[in-house]
Amino acid sequence: MRLFCEHCQKIFPVTDPGNEAVCPSCGKKSPRPESLTAPGVVLGDFLILRPITSGGMGEIFVARQLSLDREVALKVLQEKFSQDPESAESLLHEARAAAKLNHPNIVQAYAVGREDGVLFFAMELIRGETCKDLLKRKKRLDGYDAAKIILDVARALDAAWSEQKIVHQDIKPENIMLDASGFAKLADLGLARRAGSDPECNSEEVMGTPQYISPEQLTGVPTDVRSDIYSLGATFYHLVTGRFPYVAPTTDEITQMHVEGKLQPPIEVYDHLNEELNRIILKMMARNIEERYQSPQELISDLEAFIRGEVVATTRSVKVRRPWSRRKKWIVFGGSAAVLLFLCIALFVTGCVFAASPQMPEFARGFFLQCRLQEEKGIAALKKFFTPKEKPPVPKAKPVEYAGREALFRSGKSLLARLKSGENSMALLEDADAFFRKYARPETEKERKLLLEVSAATGRCDEMLRQSPARQQFLMRYQRQADEIAARREAEKERAREFQRRQREQAEAEKRRQQEWARQQQEKARAEQALLAGKIAGFNAALQKSAQQLLLDFIECAKSGDTARFEKKLSRPVDLPPQISYKDVKSGVDLFDRYRQSLRQIFPEYVRFLEQMKNLPQLGISVSLPGHGICYVLAVEPSRMGRFRTIRGSEFDFPLDEYHRAETMRFLSVFGRSLGWQSPKNPAAFYYALYCGRLTPGAVESAPDDFWRKFGEPLKLTLPSP
């Protein structure tokens, strides 16, 4: 393992076990990285700075190439894949394929190597996003914007095919990178191969992504750049419609749809799509390889014509199925529904009319007969409703007829005879009840006496039946059954109450568990935030110390006039602590970078200031001092004492400090004009404060380009006394 020392800017190996690594040149200690791919580790010529993303086989880091001092993207295979010959060969193949190409629309390859068993590949760093990320954010792209992206990728395919006869074989949105200006670059040449090269004879693996793969890759037909044009067309389809060209539950079904080639035109998925783009996409994804674009140059010509607003002539032969308009769809749907409703009504009426026919099937005859009966009832009800109602005739009062009442006396006397004979049975009581229901109201006094006599005899019979042992047993059995039913109902109610109680207890317990989990999560989040805040505070404190040291180096290097040494100190990178993202400390890092830039800008002026301070007598600067008049400046020392000479020739020392502010500012104003600095941007007071080793409030206000208010105040910089 090799590390980079920020203090002495040297690379040193780490061989001793332990938690700390010591630089042999300067003796500075630093924490030992946990892995061979941690920030601070040097692989070949590349210093790992921070991770970008990770995938199934490896990770990608932002690294700095030490020899050329530039940032690159470093792709590193995981340890288990680095030892795998096939994975290592895949990475080397990708590096070789990218190194053979030099085009602005292709991600450039820089270097590949292996160190300490770690296989790495350095490539161009693209500061942007992929088309997949863009689709997640926008769901669907405008046709004009998508055409510009596809045009850039088509130019990359044209360069790869015309220069090296290379087929990419995995064109998809994830492999199309977009920089900050929207310029597209083609990446990931891991599956690329030269046309005519034979793949492994025993390999049955299908190379490519199922949603964008070409039919030739699925059927085993030799592929060329036209297969990449098909995959690029599938990507174009996804960009302008927001969905895949073929959608199915399984991968096998998707691949089968690619082979069959029954593609739904994109204009049917998104009916606002431009017709020219629809024809271009259909020609790119034609199932027959001879019907596609035969070269990327043809596709580039059509896309450039579309972007310029010209007519695309080469796609006129492509058949386009226009989607139905909304009005036409509603007309067809409404007409079909009306015809279907008419047929149903005609079938129903015919069935009702011929319901009694022998030719009517047995299973339908009953239904139609019932419907016919209901129909006739409805018609009769309507006729009755609309027919005028007649007044009912007033019935005539009929005299009471006693004829037929002889049955009352016969039944009553027969019932009395049975009651007096001693017959005691439930059947007798039932017959008595039927008798009273039939003859409930007597009409003569004789009938009333008969009914009273039968009622009294029936009551005695019922009382005797109640006192009989069989009746008592029946009543007891009935009471026991009633008690058992009541007990069962009460037990069921008690079980229901117990079940509800358990449900409430479980709900309360679950609620308490959820609250406890939420509390633990909140405490964990607060602890993580506190830890992160502590790390950020420590980083800011270290940044303040670096700024303090940088200002001291600025003063020291300016006094010695060593510009190269100061530039070397300025070029030290800012290292982020582990587990802190650049976003968390972006403001402090940006502030520190602007602070360094400001120091770099004012360094020549400050050097010139110090040289002129040494040559004060040759400048002939004169100032007015109280009690002495006009005096010539001979020298100014950092101890804030100035050496002056009067007109008469006598020399004396006068304090130039904050207690004699007017005289000091008068001297600095005259001195600044001698250097060509005019008010209000005269930085002489600020440079004089640095020269004296004390930054006073007055000097702060005269800092060049708001230097102190922008950078000094937040970083709280101070200077030691000389």
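Student: How many bridges join strand 1 to strand 5?

Tutor: This is a predicted model, in which local features need pLDDT of at least 70 and side-chain atom pairs count only at pLDDT 80 or more, while totals for chains, interfaces and linings use all residues. Residues are numbered from 1 along each chain as its sequence is written, and side-chain values use heavy atoms, with hydrogens and water left out. Strand 1 (residues 2–5) and strand 5 (residues 41–43) run antiparallel, strands (E, at least two residues) and helices (H or I, at least four) being DSSP runs numbered from the N terminus. Two strands pair if DSSP finds at least two bridges between them, and the number that joins strand 1 to strand 5 is 2.

Student: In strand 6, which residue is the bridge partner of valine 42?

Tutor: On one side, valine 42 of strand 5 stands opposite arginine 2. Strand 5 also pairs with strand 6 (residues 46–54), in the antiparallel sense and over 2 bridges, and the hairpin of these two strands has 2 residues between them, with glycine 44 taking a positive phi near 65°. In strand 6, the bridge partner of valine 42 is leucine 47.

Student: Which are the edge strands of the open sheet of 8 strands?

Tutor: The strand order in this sheet is 2-1-5-6-7-8-10-9, with antiparallel pairing, and within that order strand 6 and strand 7 (residues 58–65) are joined by 7 bridges. An edge strand here pairs on one side only, and the two that do so are strand 2 (10–13) and strand 9 (109–115).

Student: Is helix 4 roughly parallel or roughly antiparallel to helix 6?

Tutor: The axes of helix 4 (residues 143–164) and helix 6 (residues 225–241) come within 10 Å and cross at roughly 165°, where axes are lines fitted to C-alpha atoms, for helices over the stretch in contact, and angles run from 0 to 180 degrees between N-to-C directions. Angles under 35 degrees count as roughly parallel, over 145 as roughly antiparallel, 65 to 115 as roughly perpendicular and the rest as oblique. Helix 4 is therefore, with respect to helix 6, roughly antiparallel.

Student: How many charged residues are there in the contact of helix 4 with helix 6?

Tutor: Contact means heavy atoms within 4.5 Å, and by that criterion the residues of helix 4, including Ile150, Leu157 and Trp161, meet residues of helix 6, among them Asp228, Leu232 and Phe236. Ala, Val, Leu, Ile, Met, Phe, Trp, Tyr, Cys and Pro count as nonpolar, Asp, Glu, Lys and Arg as charged, and the others, Gly among them, as polar. The contact divides into 12 nonpolar residues, 1 polar, and, as the number of charged residues, 1.

Student: At roughly what angle do the axes of helix 20 and helix 21 cross?

Tutor: Helix 20 (residues 661–674) and helix 21 (residues 684–692) have axes that come within 9 Å, and the two helices are roughly perpendicular to each other. Thr664, Met665, Phe667, Leu668 and Gly672 of helix 20 make the contact with Ala684, Ala685 and Tyr688 of helix 21. The crossing angle is roughly 110°.

Student: Which strands does helix 20 lie across?

Tutor: The open sheet of 4 strands has the order 16-17-18-19, with antiparallel pairing, and strand 16 and strand 17 (residues 629–636) pair over 4 bridges. Helix 20 runs at about 165° to strand 16, and the strands that helix 20 lies across are strand 16, strand 17 and strand 19.
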